[in-house]
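Visitor: I should like to learn how to read a model with several chains. Would you please take me through one chain and its contacts?

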Amino acid sequence: MDFIMNFPFFSIMICMLAALSSFMLGRKAAAIVAKGAIFITLVLSVVLTGWLHVRGESFVYMMGHFPAPWGNEIRAGELEGVMAIFTCIVALLSLTAGKTSIRTAVDKSKQNLFYLITCLMEASLLALIYTNDIFTGYVFIEINTIAGCGLIMIKNNGRAIASAVRYMVVSLVGSGLFLIGTTLLYSITGHLLMENINSSVAEIHASGNYSVTITIITALMTVGLSIKSGLFPFHLWIPDAYAVSIVPSSAMLSGMVSKGYIFLLIKLIYRVIGFDVFRSTGVFDLIFVAGIAAMIMGSVAAIRSGYLRRMTAYSSVSQIGYIFMGIGIANEAGAVAAIFHIITHGLTKSLLFMSAASFTGKKEDIKISDLKGLGHKHPVSAATFSAAALSIVGFPLFAGFIAKMLLANASFTEGWRMYGAICAIAVSTILNVVYFFRCIINLYAYGGFDGKEDETAVVATEEPQFAPTRYEKTIHGISVVLLALINLYIGFAPKLLTSILTKGLNVFD
Amino acid sequence: MDRINNNEKKRFYTVFKIVATILMICLAASLIICMFDMPRLFSEEHPGENVVAERYIESGIEETGAVNFVAGMILDYRAFDTFGESNVLFAATICVMVLLLGHKPSDRSEHETVPRTVKNDVILKTIAKFAVPFILMFGIYVILNGHLSPGGGFSGGAIVGSGFILAAVSFGFDRMEKFLNKKSAGIITFVSLLVYCLAKSYSFFTGANHLESGIPLGTPGAILSSGLILILNICVGFVVACTMYSFFSLMRRGKI
Amino acid sequence: MFEQIYNHFNDIVAALLFVIGFSNLLFQKNLIKKIIGLNIMDVAIYLLLASQGFIRGRIAPILTDGSESAVTYINPIPSGLVLTGIVVSVSVTALMLSMTIRLYRKYRTLDLDEILMKIRQEREEED
């Protein structure tokens, strides 16, 4: 056994230990520890993914002294590695870009707790990504839910807590459904580890018993996970939660938290229930239709909302629809496209929230009509915001374009699904253009003297302690530019990522 | 304008109620259909009765040293789950602290009529004087015998925590604060979780790399046996006791 | 039919309790009642889980009379899972309750709809 195989376990434990030690540290030390831990995890994940890509295989890692059906296990392959890298990038850059927001909106004595919650969140996400045991999945889903609640309400005012309550109620229904599915799955198979469940589900399916039960279990678990990731009929908590919370929270929530559940769903399809059995239950159609509905309805709601961050949150609903549609296409290319879109959307949406932070200032949200001329005042943020918006719209050269192309390509072989997918992508793209270009035009079109007059007026009213310091401005700029560059890189050279994802999915089941 | 909003709201609620009722009926129907299709309960042919459960019982004592097979299972065979579980508790404590720590009682108004100072209640004080030591002792007994009898860190910790709560209610928070305050509770939680984390990391690491763990299991049935399980139970007990007390204290008066 | 019900009695009760808890969560506007609904849901799942491990005529999985054979004891796995689940449910309940306390202190009501309405008014006043 190679030493490098310990890396998934190390990355989970490093984040956990960082979370624990933040409890005893002051706010500055906690910030350094949190960023350091996430950075180390990032390095470990990059090394691990590279190693796995060269070897082209996956491995399971025993958590303890006992082998497969008895002990807990984690599993690492290229897919898991890429997801881990992506969550680390989003978490790290959210922390650096949102420094102003943490300093001004969070109570001084509780800032270390914010970093603690972030580390716990990262650890639980890594555990969700790597887990090979369905009950471990449930436990870490709960940590993830509670940490997500902490991220929303860290602002500690009435509005934030009310949206956290809504988030919790919806999420707990989701985890309840997931747990009841797990229980039923245990009682018909007698196992909790994914591989063992998979083989006994395949046996049961072949023998023809329990066909109703398997369908219902699949539906319950899928619905549970899609409630938690905010798929269309269950999306009502999203806009409040994303728009009210502080900047790094909304970047992380939209960028990685909801994506962890979708990855678990993909694991459920390929590694627990098994692709063929899952397909025979017909739940794919459900996912596909819900995804398309989310794409359209999310965009319509985004057009109707007049506030910047709220609009971005609604746009998140529509993008999650894209991901679910990709899964619902029900072939390998669709799953690859879905995972590709998980990554591109996570990077893009967190970039949007981070850039929007410069425009909103200390206010919670800003009217889109008030954006006039702000593009000249914050050139870097405006540029990255526009880049992210173009990527979401699906402008060529950006990552979002590749994702949409992969989604459309995947649907070509699938009969009726092709028409649905292509039409939905077309309509949703047009709607995306409507609401994002409205922002970009507002940002840039009203320039010149008007903008400068506004600037002096704004500076006079802004209290000095709420304004970002020079240092914070610099690292905010560096973070957003870095994210935009990653986005452009994926757009220019998607080959590497797609080949890793395809290879990873091949060794997935 | 308001009336229109009200009408819209009413319509929304009627639609919502109808849709939700239908959904609930569908959920109930599908769950019950599913339950009829399930393997027969309480019988020996249940799919859960397989090699997994067999090994937990038949080799449990040899491999973990715990006489209580459930304790052996959750703290040794499937320890990662349990590690996650104690982190759930930790995360919840942190979130409650964010919400309530330093939220001063002066924010309360006349709506909350509960008096904050302890009244001179003779009956409560007398009974608590007798009961609290026994409650604490029983809690400690349950924690220490977690690997030998029913119970363990969580149940024992909950008992100890409720003993603390009873003491705080009857003798006043000021007297509890002398030994259980924000600092000491924080240090106890931190050290226990750190020990837990490091002990389990050691066992995961040695297990996965096929190294001998080198932890003696002792004679099964003795109090000092079953390797790490006793230590882990004590750690969990400390964490849970502090957590229970701090939940109560935070909700009651906004500080630990 | 009756034999079926007899064989799956615990399962069916658990399913009904789950739906009762779920509907409480959906239809009740009072936050405390919502939390109670949540707990009913959790308890239903634990009932379901615990019934999966029980076998008639066997005893709790703690070494008794030195018997180490698997047919003496019930299945220990569901018991362990229920233990884990209870801890999760305790943490979630404590968190929900403390959020309720904060909301009550701020808005003087437990009705979630009223709270949301007050928040909307607050936002409109700010603009």
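Guide: The turns below treat the fold of chain B, one of its helices, and its contacts with two other chains. This is a predicted model, in which local features need pLDDT (the predictor's confidence in each residue, from 0 to 100) of at least 70, side-chain atom pairs count only at pLDDT 80 or more, and totals for chains, interfaces and linings use all residues. Residues are numbered from 1 along each chain as its sequence is written, while chains are lettered from A and ligands numbered from 1 in the order in which they are written.

Visitor: How many helices and strands are there in chain B?

Guide: Helices (H or I, at least four residues) and strands (E, at least two) are DSSP runs, numbered from the N terminus. Chain B has 10 helices and zero strands.

Visitor: Why is chain B described as more spread out than a compact globule?

Guide: One compares the radius of gyration, taken over C-alpha atoms, with the globule rule, 2.2 Å times the number of residues to the power 0.38. For the 256 residues of chain B the rule gives 18 Å, but the radius is 25 Å, well over that value, so the chain is more spread out than a compact globule. Its C-alpha atoms fill a box of roughly 75 × 55 × 40 Å along the principal axes.

Visitor: Which domains does the assignment give for chain B?

Guide: Domain bounds come from an automatic or database domain assignment. Here they give domain 1 (1-38) and domain 2 (44-253), whose C-alpha centres lie 40 Å apart.

Visitor: How should α5(B) be read, and what span does it reach?

Guide: The expected span of a helix is 1.5 Å times one less than its number of residues. With 22 residues, α5(B) reaches 32 Å from its first C-alpha to its last, close to the 32 Å expected. A residue is buried if 20 or more other C-beta atoms lie within 10 Å of its own, with C-beta atoms placed from the backbone. In α5(B), 22 of the 22 residues are buried, so this helix is largely enclosed by the rest of the structure.

Visitor: How many residues enter the contact of chain B with chain A?

Guide: Two residues are in contact if their C-beta atoms, placed from the backbone, lie within 7 Å. This contact takes 44 residues from chain B and 50 from chain A. On the side of chain B, α5(B) gives the largest share, 14 residues.

Visitor: And how many residues does the contact with chain C take?

Guide: That contact takes 51 residues from chain B and 47 from chain C. Again α5(B) gives the most to the side of chain B, with 10 residues.

Conventions:
Buried ≥ 20, exposed ≤ 12 C-beta atoms within 10 Å, placed from the backbone.
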